[in-house]
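Subject: Structure handover

Dear colleague,

Please find the structure below, with the sequence. My notes on the strands, the cores, the salt bridges and the surface follow it.

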Amino acid sequence: MSIPNSRQADFPVDPQFVARWSPRAFSGEPIAEGTLLTFLEAARWAPSAFNSQPWRFLYARRGTSDWDLYLGLVNDFNRAWAQSASAIVFILSQTRFTPPGKTEDQDLATHAFDAGAAWAHLALQASLSGWSTHGIAGIERDKIRATLDVPPAYAIQAGVVIGKPGDIAQLSESLRQRETPSPRQPLSALAFAGKFRG
């Protein structure tokens, strides 16, 4: 199902950036593991401080033995629509590392920033491949850590729901009204030459 996208960039950018958006209505069709790994491969090539590559990806695909487990690690609100998706990915980031030329671990201040870059790569590759993604903060972090054996040195950043666009009629009335590409603030409200003016 195609939903109109009337968004316009303030300055010239590749159309992929404006075309990508985050739906909640998914078709429920399965995703091949190779397709999902292609999205994660794109994420692997994101930039990171010291080339530390702090991101880690845990995933389950619809129809596999881990699917119900992963659905149970998404909060109730998001589970209501994520159950029609094709895959769920949890993005982690390593919070400490040993810098080049050093022998001791230290805090990696940019671990969340770097994991965000990896998520952006994933989302754009999926969009270019005809799939949709929706990043979610509403996940059960304590349960994820315990159930999926996530070590303390890794922060649990977010979840990503992946699927092919589906019928919005499956969504609640309140979500149907929101099932459209969201606007953005003008660039002038976000970028400032010199001092902060927000």
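Strand β5, residues 132-136, is mostly covered, with 4 of its 5 residues buried. Please bear in mind throughout that this is a predicted model.

Strands

β5 pairs with β6 through 5 bridges, and the two run antiparallel. Within that pairing, Ser-132 has Gly-163 of β6 as its bridge partner.

β6 also pairs with β2, again in the antiparallel sense, over 8 bridges. One position to look at is Ser-93, which stands opposite Ala-155 in β6. β2 has a further antiparallel partner in β1 (residues 55-61), to which it is joined by 7 bridges. There, Arg-61 is placed opposite Ala-87 of β2. Like β5, β2 is mostly covered: 7 of its 8 residues are buried. As a general point when viewing the strands, side chains in a regular strand alternate between the two faces of the sheet.

Cores

The largest nonpolar core consists of 24 residues. Trp-81, Ile-88, Phe-90, Ile-144, Leu-148, Val-150 and Val-161 have the most contacts inside this core. Two or more residues each come from α3 (67-71), α4 (76-82), β2 (87-94) and β6 (154-163). A second core lies apart from the largest one and has 18 residues, including Ile-31, Ala-118, Leu-122 and Val-160.

What does Val-150 touch once its neighbours within four places in sequence are left aside? Its contacts are then Leu-58, Leu-92, Ile-144, Arg-145 and Ile-156. Of these, Ile-144 is also listed among the residues with the most contacts inside the largest core.

Salt bridges

There are 4 salt bridges in the structure. I describe some of them here, going by helix.

In helix α2 (residues 33-44), Glu-41 and Arg-44 are 3 residues apart, about one turn of the helix. They form a salt bridge whose closest N and O atoms are 2.7 Å apart. Both ends are partly exposed: Glu-41 has a relative accessible area of 35%, and Arg-44 has one of 42%.

In helix α4, Asp-76 and Arg-79 are likewise 3 residues apart, about one turn of the helix. The closest N and O atoms of this salt bridge are 2.7 Å apart. Are the two partners buried or exposed? Asp-76 counts as exposed because its relative accessibility is 58%, with the cut-off for exposed being over 50%. Arg-79, at 24% relative accessibility, counts as partly exposed.

In helix α7, Glu-173 and Arg-176 are also 3 residues apart, about one turn of the helix. Their side chains meet in a salt bridge, at 2.6 Å from N to O. Glu-173 counts as partly exposed at 43% relative accessibility, and Arg-176 is partly exposed with a relative accessible area of 30%.

Surface

Phe-11, Leu-187 and Leu-190 make a nonpolar surface patch of about 310 Å². Leu-190 belongs to the segment after α7 (173-178), the helix that holds the Glu-173 and Arg-176 pair.

To go through the model in the order of these notes, begin with the pairing of β5 and β6, go on to β2 and its bridges to β6, and then turn to the largest nonpolar core, to which β2 and β6 both give residues.

Regards

Technical notes. Residues are numbered from 1 along each chain as its sequence is written. This is a predicted model: local features need pLDDT of at least 70, side-chain atom pairs count only at pLDDT 80 or more; totals for chains, interfaces and linings use all residues. Side-chain values use heavy atoms; hydrogens and water are left out. Patches are made of residues with over 30% relative accessible area and no salt bridge: like charges are joined within 9 Å, nonpolar side chains (Val, Leu, Ile, Met, Phe, Trp, Tyr) within 5 Å. Accessible areas come from the Shrake-Rupley method with a 1.4 Å probe; for residues, only the protein chains shown count as cover. A nonpolar core is a set of buried Ala, Val, Leu, Ile, Met, Phe, Trp, Tyr and Cys residues joined through side-chain atoms within 4.5 Å. Buried means under 20% relative accessible area, exposed over 50%, partly exposed in between (1.4 Å probe, protein chains only). Contact means heavy atoms within 4.5 Å. Two strands pair if DSSP finds at least two bridges between them.
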